[in-house]
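The following paragraphs offer a guided reading of a structural model, proceeding from one residue to the wider assembly. Please keep the coordinates at hand while reading.

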Amino acid sequence: MKSGVRLAAYAVVCVSIFVLPSSGQSQTYKGKELVKAELLADTNAIVPGKPFAIGLLLRMAPGWHTYWKFSGDAGLPTEIKWKLPPGWKVGEIQWPIPLKTTDPGDIQTYGYQDEVLLVQEIAPSAAVSDSTVKLVAEANWLVCEKICIPGNASLELELPRSTTSAPANAEIFARYRRLLPRDWPGGKVASANWRRTGSDLRLNVKSATLANYPAVDFYPLPQGDTVVGHPRVESRSESEIIFRVPIESASPAGAGSSIDGLVVLAQHPNGDDRMAWRTEAPMIASAGSVPTRGIFTFLFFGFLGGIILNLMPCVLPVISLKIFGFIQHAGQSRQKILRSGIAFAGGIFAWFIGLALLLIALKAAGREITWGGFQFTNPYFVLALSVIVLVFALDLFGVFEISLPQSVTRRLLSSSSGQHEAASFFQGLFATVLATPCTAPFLGTALGFAFAQSPAIILLMFVAIAAGMSAPYLLLCAQPAWLRFLPKPGPWMLHVKQFMGFLLLATLLFLLYVLGAQRGLEGAIWASCFLLIISIACWMKGAFVLPTASVAKRTIVLALMFVLVLASGIYFIGGKFRSTNVASADSRLRGDWQAFTPERLQADLDEGHSVFVDFTAAWCLTCKFNEANVLESNAVREAFQRHAIVKLKADWTSGDPVITKLLQRFGRPGVPLYVLYPGKSEEPIVFPELLTKGIILEKLETASRTVASQ
Amino acid sequence: MNTKTILTILTSLVAGAVFALDAPPVGSAAPDFSLTDAKGKTHSLSQYKGKYVVLEWFNPECPFVKKHYGSGNMQKLQEEYTGKGITWLTIDSNAPGSEGNLTADAASKVMTGWKTHQTALLLDPEGKAGRAYGAKNTPNMVVINPEGKIVYEGAIDSKATPNPADISSSTNYVKVALDESLAGKPITTSTTKPYGCSVKYK
């Protein structure tokens, strides 16, 4: 079938060469033909609504050249203005990688010699009434040898309307398509980093691919008023190259911290084998789904996500403590309740705004930033959280009471005394710290959007999330009458309090599981040893540091506690835990899942397989939920098998930078992310963060259908 | 500081030295030069200290230069500002044998034929003055203040085309820079990307 179509296409191409009217025009100067211009289409007919490519072919006399989009120190880029029927659209010029010429006086220009095809995508409207369509273009160029001559031509190309079409001019289009710059490869293939010092930008490219190309250069594509000097190679090694790009605009700061351009790789300068990677100002190129929704939609998602955070399993124990506080407050004055609620919300806001500022600072410093993993990929963060959770649990059990140094009872949790604003504030803060691993649905997308934006929008987004998370409490405080619906306080509250302690222990188990996933069983055991000592210290405080005890006795016990915690910290954490190795993700693979690497993905796609990638992490509860209920369900497993889809697991538990890059390419700040690559040439399909069996099965069906129909 | 850092600093210093051959930035001292004009008279920049000086790189064959002379735009500017006591030096830095290189005779002919109004058309066949200013295009414009500092360098106007019809709708950066300078105001646009043909250096 396939070859039949192709054969027919060739036949049509051959015929069409003779049938189609030639539309070439020449630019002559002093009797010499300098440039011959004509239009070429990659199709023999126009199918309404079906996009095709059209190219301006310029053939230059030997020694003469026309210019690239950025012409360099002299010259002008070629311009094409289209006159198209109403409803038709034309894309930007797809500029092939140019040749770089340096003339005496250090004059560098970028252009094309002999011949160039400037291709543009044309999208015809869905309704075409005429049986033939005339496409008219006005082309302007500057052609230079020693002297420069402006040229122009009014060109036209007539194509018949049809219900089917076959490729035309395939060879030349393919030849110039090969010369188009590619998107930044990302992943393990290449990394790019911009740095600004004074009026200079430095682009640092790291890639093993560089070793195969002796000639590597950077061709700038400055935007707007930016004036760039000549990029120069500052240093180069096997797999790393640093370009210095001077900015010569009057106010270099206005040019931003990076510029667009091409990293051009070749065997020798201007080699025919040259290929190029396009750098983009924000290196977070989104593949597949580009967020096109407006900022308010995303802020609203942030707000919704914030509300949902309250129900996440990692937050619930702390939240229940707050509800518990409300129950106690039920009988108290409205003002008091309001103050406590505002303080709680203040804690939530403080954490989120603090986090936003930190992320903005990191982003400004050129670091890659991500959400959940930002904290949870770090085992010491998880460890610190474990300690906090344990200490709170022990407090709830009544082993000891947390009190701030001044024995003026500023209780954090059992706030029976007057000053519970501080306690509420810390509760809010604590609840939010625990919320971070649960990137709730909506929140992922919203944050992914925000991270690619300006600092102001990042901040706004976090404020929206904080507002969402604190909304229920503020509402309850503003309408204390609703507290009526909560039960009356009584001795039962002691039991609830102790029960909450067990919920916190459950959270602790989860944290230990994460530590185990990161540092193996040994890591989890050494961490537990440290936690045991912490528990003993807490018990010592509860049993011996009593208000009735003498100052001397209290001091001795406190000192002992301190020494105990310090010594065990140094031994268990600084020594044993630190020396445990990062657990390999392979050990967590189960069933027919394989560990993800960009190479494996590429290899599987090259072999013609469809590939499903599960971006996951041990600490990601949403991921675990999806895996248990959807991905590992019999129906889905069977569907994967039936369609012979390769299943890859990208484990982000320890924050693998390769996976971080990929997450960013999909505009996601963290896991979960589910992507189906139907085939080599198809766009990847991105699934929502909360999976259902239905959506997986449906997409698997459609994907395998499109692959089969090719 | 490790070896790598030291090496990086060294290479950037070297690169900086190489780069120094490029255009001296706005705000720096204008390099002095001494060239003969179409009549064989020698002009040096230092003799015009205390006055505003405009430098204009020139190539009579270049379509971008022709755009501004064919339309009378350049002559009008020259007339207006030399009338206000400003020195206007047109410089031809194209090497002998390349198009646009003028002998003294040819230069005189162009000046009378095109009815130009500059203070002098200077011949720079060795490209010394051109290289000192990093002039890469024709036209390429530089404005120097009475203290001998460069206050503007770049294009003549905002529309980088060879089409004379675009002149009326473009902003003439040189005119704006001179008017602002003469009025004692700071210059709003002091650096732009020059456009035009390349200077054909030796």
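A residue is taken as buried if 20 or more other C-beta atoms lie within 10 Å of its own. The model considered here is a predicted one. A:F392 has 23 C-beta neighbours inside 10 Å and therefore counts as buried. This phenylalanine is found in helix α7 of chain A, which comprises residues 379-397. Although A:F392 and A:L504 are 112 residues apart along the chain, a distance of 7.7 Å separates their C-alpha atoms.

Burial leads on to the nonpolar cores. The largest of them holds 113 residues, and A:V143, B:V54, B:V143 and B:V174 touch the most other members. Strand β10 of chain A (residues 132-144) supplies the largest share of this core, seven residues. Within chain A, domain 1 (2-180) and domain 2 (183-279) each contribute at least three residues to this core. In chain B, the contacts of B:V174 beyond four places in sequence are B:V54, B:L77, B:M141, B:V143, B:Y152 and B:I156. A second core, separate from the largest one, has 92 residues, among them A:L385, A:I458, A:I465 and A:W652.

The two chains also meet at an interface, where 26 residues of chain A are in contact with 34 residues of chain B. On the chain B side, two or more residues come from each of α1 (3-19), α5 (128-133) and β9 (197-198). Helix α1(B) gives the largest share of that side, five residues. By type, the chain B side consists of 13 nonpolar, 13 polar and eight charged residues.

Chain A further contains an open sheet of four strands with mixed pairing, in the order β12-β19-β18-β15. Because β12 (182-183) and β15 (215-220) of chain A stand at the edges with a single partner strand each, one side of each is left without a neighbour in the sheet. Strands β18 (residues 261-266) and β19 (residues 275-279) of chain A run antiparallel and are joined by five bridges. A:G261, for instance, has A:T279 in β19(A) as its bridge partner.

Finally, the confidence of the prediction should be considered. Chain A has a mean pLDDT of 78, with 78% of its residues at 70 or more. Over residues 368-373 of chain A, pLDDT stays under 50, and the model has 24 contacts beyond four places in sequence for this stretch. Residues 404-418 of chain A likewise stay under 50, with 21 such contacts in the model. Where pLDDT is low, predicted coordinates should not be read in detail.

How values were computed
Residues numbered from 1 in each chain as written. Chains lettered and ligands numbered in written order. Predicted model: local features only at pLDDT ≥ 70, side-chain atom pairs only at ≥ 80, totals over all residues. Contact = placed C-beta atoms within 7 Å. Nonpolar A, V, L, I, M, F, W, Y, C, P; charged D, E, K, R; others polar. pLDDT = per-residue confidence, 0-100. Buried ≥ 20, exposed ≤ 12 C-beta atoms within 10 Å, placed from the backbone. Pairing = 2+ DSSP bridges. Core = buried A, V, L, I, M, F, W, Y, C linked by C-beta atoms within 7 Å. Domains from an automatic or database assignment.
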